[in-house]
Amino acid sequence: MIKKWWHDKVAYQIYPKSFYDSNGDGIGDIPGIISKLDYLQDLGVDIVWLSPCYRSPLADQGYDISDYYNIDPRFGTMEDMERLITEAKKRNMYILMDLVVNHCSDEHEWFRKACEDPDGKYGNFFYLRDKKDGELPTNWRSYFGGPVWEGLPGTDKQYLHVFHKKQPDLNWENPELREEVYKNINWWLDKGLGGFRIDAIINIKKALPFRNYAPDRDDGLCSIHAMLQEAKGIGEFLGEMRDRTFKKYDAFAVGEVFNEKPEEIPDFIGDNGYFSSMFDFNETIFGKSQKGWYDAQPVTPDDYKKCCFESQAKVGDIGFLSNIIENHDEPRGVSHYIPEGDCCEESKKMLAALNFMLRGLPFIYQGQELGMENVPFTSIEEVDDISSHDEYKVALEAGLSPEEALKAVSEFSRDNARTPMQWSDEANAGFTTGTPWLRVNPNYTSINAEEQMKDPKSVWNFYKKLISLRKNPAYKETVVYGALEPVWEERHNLMAYYRKGDKTLLVVGNYQREAQEIVLPGGHRKVLLNNYGDVAEDNGRIRLYGYQVLILEM
Ligand code: GLC
Ligand code: CA
């Protein structure tokens, strides 16, 4: 594996709308991010990924872009963005933007021009089909519910949208469209971006010609995955994009990739992969059901371990995964991966260490470093996210009561991760002086940055220690590049692995409330990190406390 500039870094995802509001309008913004760069630097972050802040109607919170060359006034100005890049550079930090090019907004000029002249140049930027009475071109269900087809305003045609109807899919088969995308990427890279996180990218290749697949719910529609599984040749688009853009700048590109086959991994993230890295979603998707969120199975500690190790084994030293426990599309990791009733400081730290020490690039999602938790929603009215509303409907249609449907949705709602960042115990968690666009999680009085930064035993300080260990010259080579070797894999509620480089480290977490014992015949040299004050050790036997995690130098 060729070494790259970003391998030893630590990345952090910002959801701009909810990070920090500088002007009291209740919406986080770029000046707000700039004012928190010192906070991120103090934590040890090097790479900052911003969820979209381009001009957008925010139908899907910015994942519906109406102008790829401008910043949405709610988030700030282009000067703010340029200042952010400059200020980040001063702190040796890199800014990544979100590249959302499977679709744009129906308010983008291309789409307006396509409506005016569907047979002209811009009609071919989208997938348009003639309207036929009572018949859809295909029976695919959009990710956010309902058919993927919608009438093209003012015409006798309809357009394809695999996400919301305000997110028309771009036609990647059209070289003119691809040129526009590359031009935009390079324009941003010329501004000094470190790279991009690449949104929903597996959707850009459609199986042609379009056809129906077997319906998988009573609505007579089928999941988009049925079509995607048959789509061949995405590599041609992705390879072209790499060569025309990222590669020339040695930029960092991390793909939102799902369902890749093991034999495709070298193509995606090998030395000359389409992307630098891709997110590991193996844990995220575990237990999810085709039927909807209401039918999902919980993830047990043993499932979590199995998923992590599967991904690690699949990738080996071909490349670098990007490891997460949460992002803006998922519930809070501590609420999702820690068994109900056991979410506490110790278990949060355990999960942090087990995830952070995996081989790959660690990504922290805003608030994860504080152990922010899911939101206790009391009504669907409190939820903003479009996919949550769809899943609520799906659950009701499946016969669940409103209470049960709300419970199912609460467990997975994307809004769990989108509530404002908890800066302090002041009003609105110190996020805004106005009214926040989404209600603050009421637990901000006990979970907030200000208090945790002062408390050496806080989750925040534990993250800080994990980050310093990754950067410590004595251990860096092992933490960054060392091979990962699972150990005691069959033991229930115990997750443990070696990282083997110029040193050997053992990461071991007791993933349960009850104590359990491990035996290390050769002993160990040093405790590098511990989420408890002591190690109950006797002659090579260690009795791990509930949710204790240790990083030991062997
Ligand atoms: C990705 C984004 C998600 C968005 C979707 C459509 O999955 O992470 O937030 O809704 O793409 O752009
Ligand atoms: Ca604002």
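The legends below describe close-up views of a predicted model.

**View 1. The closed barrel and the pairing of its strands.** Eight strands form a closed barrel in the order E1-E2-E5-E10-E12-E13-E14-E15, and their pairing is parallel. Between neighbouring strands of this sheet the average turn is 25°, direction ignored.

**View 2. Strand E14 between its partners E13 and E15.** Strand E14 covers residues 320-323; the side chains of Phe320 and Ser322 point one way from this strand, those of Leu321 and Asn323 point the other way, and all are buried. Strand E13 (residues 277-279) runs parallel to E14 and is joined to it by three bridges, with Ser277 standing opposite Phe320 and Met278 standing opposite Leu321. Strand E15 (residues 361-365) is likewise parallel to E14, the two being joined by two bridges, and here Ser322 of E14 stands opposite Leu361 of E15.

**View 3. The calcium ion (ligand 2) and its donor residues.** The calcium ion (ligand 2) is coordinated at 2.2 to 2.3 Å by Asp21 (OD), Asn23 (OD1), Asp25 (OD), Asp29 (OD) and Ile27 (O). Along the sequence, these donor residues of the calcium ion (ligand 2) follow the spacing D-x1-N-x1-D-x1-I-x1-D. Two of the donors can be set side by side in terms of accessibility: Asp21 counts as buried because its relative accessibility is 3%, under the 20% limit, whereas Asp25, with a relative accessible area of 37%, is partly exposed.

**View 4. Helix H7 and the elements that cover its buried residues.** In helix H7, which spans residues 234-244, the buried residues are Ile234, Gly235, Phe237, Leu238, Gly239, Met241 and Arg242. The cover over the buried residues of H7 includes one strand, E5 (94-99), together with the helices H5 (175-190), H8 (246-249) and H9 (265-269). Strand E5 is also one of the strands of the closed barrel.

**View 5. The packing of helices H13 and H18.** Helix H13 (residues 345-356) packs against helix H18 (residues 459-471) at an angle of about 20°, and their axes lie 10 Å apart. The contact is made on the H13 side by Glu345, Lys348, Lys349, Ala352, Ala353 and Phe356, and on the H18 side by Val459, Phe462, Tyr463, Leu466, Ile467 and Arg470. Since angles under 35 degrees count as roughly parallel, H13 and H18 are therefore roughly parallel to each other. The crossing in which H13 passes H18 is right-handed.

Technical notes. Residues numbered from 1 in each chain as written. Chains lettered and ligands numbered in written order. Predicted model: local features only at pLDDT ≥ 70, side-chain atom pairs only at ≥ 80, totals over all residues. Heavy atoms only, no water. Buried < 20%, exposed > 50% of the residue type's maximum accessible area, 1.4 Å probe, protein only. Helix = DSSP H or I, 4+ residues; strand = E, 2+ residues; numbered from the N terminus. Pairing = 2+ DSSP bridges. Axes fitted to C-alpha atoms, helices over the stretch in contact; angles between N-to-C directions. Donors = N, O, S within 2.8 Å, 3.2 Å for Na, K, Ca; no water. Contact = heavy atoms within 4.5 Å. Parallel < 35°, antiparallel > 145°, perpendicular 65-115°, else oblique. Left-handed = near helix turned anticlockwise from the far one by under 90°.
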